[in-house]
Amino acid sequence: QVQLVESGGGMVQPGGSLRLSCAAVGFAFPITSWAWYRQTPGKERELVATISTANGRTNYADSMRGRCTISRDNAEDTAYLQMMILKPEDTAVYFCNAKARIVGLVDYWGQGTQVTVSS
């Protein structure tokens with residue numbers, strides 16, 4: 001079974017930190033890139049961060065730049081999103097995404113993990 005398993009979400013106070021994890025299970029082909037997205041009800045899914053498996057090149061959304069770091073452990077087929085100085089507007093369901101090359105690129109999605117930032 002091929003799946004992405006997310007963990008690390010929860011409740012945190014404004015200014016706090018959380019580290020999200022996404023583990024790839026059952027992948028027979030290498031992952032070429034990872035990404036984290038977030039979505040709130042009534043809003044379009046927003047790209048938060050991306051990272052290349054090969055060279056570690058990263059990209060961040062303006063809303064989170066300087067407050068989060070995306071990383072990956074290629075040996076463990078796991079990606080992370082470290083978030084800091086969290087704000088109430090960061091409240092969302094966070095989804096990880098992995099692209100694997102078989103013939104072309106194939107997208108896989110995690111189940112989502114809830115992050116709630118509130119006092």
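The largest nonpolar core of this predicted model has 28 residues, and those that touch the most other members are Leu 4, Trp 34, Trp 36, Val 48, Leu 81, Met 83 and Tyr 94. Seven strands give two or more residues each to this core: E3 (18-25), E4 (31-39), E5 (46-52), E7 (68-73), E8 (78-83), E9 (92-101) and E11 (113-117). The most comes from E9, which gives five residues.

The cysteines can be taken next. There is one disulfide in the structure, and it joins Cys 22 to Cys 96 with an S to S distance of 1.9 Å. The link between these two residues is right-handed, with 45 degrees about the S-S bond. Cys 22 belongs to strand E3 and Cys 96 to strand E9, so the disulfide ties together distant parts of the chain, 74 residues apart. Both ends are shielded from solvent by the same criterion: buried means under 20% relative accessible area. Cys 22 has a relative accessible area of 0% and is therefore buried, and Cys 96, at 0% relative accessibility, counts as buried too.

Why does Cys 68 have no bond to another cysteine sulfur? The closest cysteine sulfur, in Cys 96, is 15 Å from the sulfur of Cys 68, which is too far for a bond. A disulfide here requires the two sulfur atoms to be within 2.5 Å. Cys 68 is nevertheless buried, with a relative accessible area of 5%. 

Strands E7 and E8, both contributors to the core, also pair with each other. Their pairing is antiparallel and runs over six bridges. At one position in this pairing, Asp 73 stands opposite Thr 78 of E8. The two strands form a hairpin, with four residues between them. Within the turn, Asp 77 has a positive phi of about 50 degrees.

The last feature is on the surface. Four residues, Phe 29, Ile 102, Val 103 and Val 106, form a nonpolar patch there. Together they have about 370 Å² of accessible area. Val 106 is part of strand E10, which covers residues 105-109. Is Val 106 buried, partly exposed or exposed? Its relative accessible area is 30%, so Val 106 is partly exposed.

Methods:
Residues are numbered from 1 along each chain as its sequence is written. This is a predicted model: local features need pLDDT of at least 70, side-chain atom pairs count only at pLDDT 80 or more; totals for chains, interfaces and linings use all residues. Side-chain values use heavy atoms; hydrogens and water are left out. A nonpolar core is a set of buried Ala, Val, Leu, Ile, Met, Phe, Trp, Tyr and Cys residues joined through side-chain atoms within 4.5 Å. Buried means under 20% relative accessible area, exposed over 50%, partly exposed in between (1.4 Å probe, protein chains only). Two strands pair if DSSP finds at least two bridges between them. Patches are made of residues with over 30% relative accessible area and no salt bridge: like charges are joined within 9 Å, nonpolar side chains (Val, Leu, Ile, Met, Phe, Trp, Tyr) within 5 Å. Accessible areas come from the Shrake-Rupley method with a 1.4 Å probe; for residues, only the protein chains shown count as cover. A salt bridge is a side-chain nitrogen of Lys or Arg within 4 Å of a carboxyl oxygen of Asp or Glu.
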